[in-house]
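Hi,

Here is the structure I promised to pass on. Have a look at it first, and then read on for what turned up.

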Amino acid sequence: MAENVIKIRNVKKVYRMGQEKISAVNNISLNIAYGEICCLLGKSGSGKSTLLNLIAGLEKPTKGSIIFNKCHIERMNEDQLAKFRQQYVGFVFQSYNLLSTLTALENVTLPLIFRKVPVAERNKKAMQMLEAVGLSERANHKPSEMSGGQQQRVSIARAFINSPQVVFADEPTGNLDTKTTYEMMDLITTLAEKNKQTLVIVTHDLEIAEYANRIIHISDGKIEKIEQNTNRKRATIEGGSKK
């Protein structure tokens, strides 16, 4: 049985809205294994993105524990969390989150700058990642000079450049057309499988969820059901998809 990289135990996240308390995540317990492609699936407002933020250390739980590599991240302070994310985590966002004043190459090198990697080494690694996502010819282009799909490829290159143990993808294809959506999902899952990385996808789209080994259905802040996806959609290393 695969060892777990993340253990979530009785996690709650409660927000206060005036006198009202809203339970965005309500007593969830879940394990995520090393090398697993896992999907948190649910409608808008179901609590899936809040759960991802808690697992990634972007928010603190109101109650419960989140153990990542045997470390309790809910006990970490902001400096410890920043170092933890630099070392272990990559992010792919719906809105790409690229810096508009930087080129594709410069955007991809950002995580390496924070880890104080020398200039020549980080530029070489960034070019290798841009080549891996099919964008080496766009290395000196800024986000405004690229399509949405190209911008997301830059975002994916940035997420994977540190070889993180876990990559979180929050609605990674929400701003893309259908063809580009499948290209991006093929790319993300191929990179994760090739590097034996854990991938946690958040989506409301069942078509996207089909790329996961396991689909966790979230509703009203709770796990509704967990589905083992034995016939999941796979990506070839070349980037084409197949069942």
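Before the first residue, one bit of vocabulary: the helices and strands here are DSSP runs, at least four residues for a helix and at least two for a strand, and they are numbered from the N terminus. Keep in mind, too, that this is a predicted model.

**A buried charged pair**

With that numbering, Glu-36 sits in the loop that links β2 (20-33) to β3 (37-41). Is Glu-36 buried or exposed? Its relative accessible area is 9%, and the cut-off for buried is under 20%, so Glu-36 counts as buried. What does its side chain make a polar contact with? The partner is the side chain of Arg-214, at 2.5 Å. Leaving aside residues up to four places away in sequence, Glu-36 touches Asn-31, Gln-197, Thr-198, Leu-199, Asn-213 and Arg-214.

Now to the other side of that pair. Arg-214 belongs to strand β9 (residues 214-219). Arg-214 is buried as well, with a relative accessible area of 11%. With residues up to four places away in sequence again left out, Arg-214 has a list of neighbours that includes Leu-30, Asn-31, Ile-32, Ile-37, Cys-38 and Cys-39, and also Ile-226, Glu-227, Gln-228 and Asn-229. Asn-31 is touched by Glu-36 and by Arg-214. As for Gln-228, it is 14 residues from Arg-214 in sequence, yet the two C-alpha atoms are 4.7 Å apart in space.

**Helix α5 and its two partners**

Next, have a look at α5, which packs against α3 and α6.

Take α3 first. The axes of helix α3 (residues 104-114) and helix α5 (residues 148-160) come within 7 Å and cross at roughly 25 degrees. Angles under 35 degrees count as roughly parallel, so that is the label for α3 and α5. The crossing of α3 past α5 is right-handed. On the α3 side the contact is made by Ala-104, Asn-107, Val-108 and Pro-111, and on the α5 side by Val-154, Ala-157 and Arg-158. Sorted by class, the residues of this contact are five nonpolar, one polar and one charged.

Then there is helix α6 (residues 178-194), whose axis comes within 11 Å of that of α5, with a crossing of roughly 15 degrees. α5 and α6 are therefore roughly parallel to each other too. α5 also passes α6 in a right-handed crossing. From α5, the contact uses Gly-149, Gln-152, Arg-153, Ile-156 and Phe-160; from α6, it uses Thr-180, Glu-183, Met-184, Leu-187, Ile-188, Leu-191 and Ala-192. That contact of α5 with α6 has seven nonpolar, three polar and two charged residues.

**Two backbone oddities**

Most residues other than glycine have a negative phi. Which residue has a phi near 60 degrees, a positive value, without being a glycine? That is Lys-116, in the loop between α3 and α4 (119-132). Lys-116 counts as exposed, at 74% relative accessibility.

Ser-163 also has a positive phi, about 50 degrees, although it is not a glycine. You will find Ser-163 in the loop between α5 and β7 (166-170). At 57% relative accessibility, Ser-163 is exposed.

Have fun with it, and shout if anything is unclear.

Cheers

Methods
Residues are numbered from 1 along each chain as its sequence is written. This is a predicted model: local features need pLDDT of at least 70, side-chain atom pairs count only at pLDDT 80 or more; totals for chains, interfaces and linings use all residues. Side-chain values use heavy atoms; hydrogens and water are left out. Axes are lines fitted to C-alpha atoms, for helices over the stretch in contact, and angles run from 0 to 180 degrees between N-to-C directions. Angles under 35 degrees count as roughly parallel, over 145 as roughly antiparallel, 65 to 115 as roughly perpendicular and the rest as oblique. A crossing is left-handed if the near helix is turned anticlockwise from the far one by less than a right angle, and right-handed if clockwise. Contact means heavy atoms within 4.5 Å. Ala, Val, Leu, Ile, Met, Phe, Trp, Tyr, Cys and Pro count as nonpolar, Asp, Glu, Lys and Arg as charged, and the others, Gly among them, as polar. Buried means under 20% relative accessible area, exposed over 50%, partly exposed in between (1.4 Å probe, protein chains only). A polar contact is a pair of N or O atoms within 3.5 Å; within protein, one must be able to donate a hydrogen and the other to accept it, and residues adjacent in sequence count only if both atoms are side-chain atoms.
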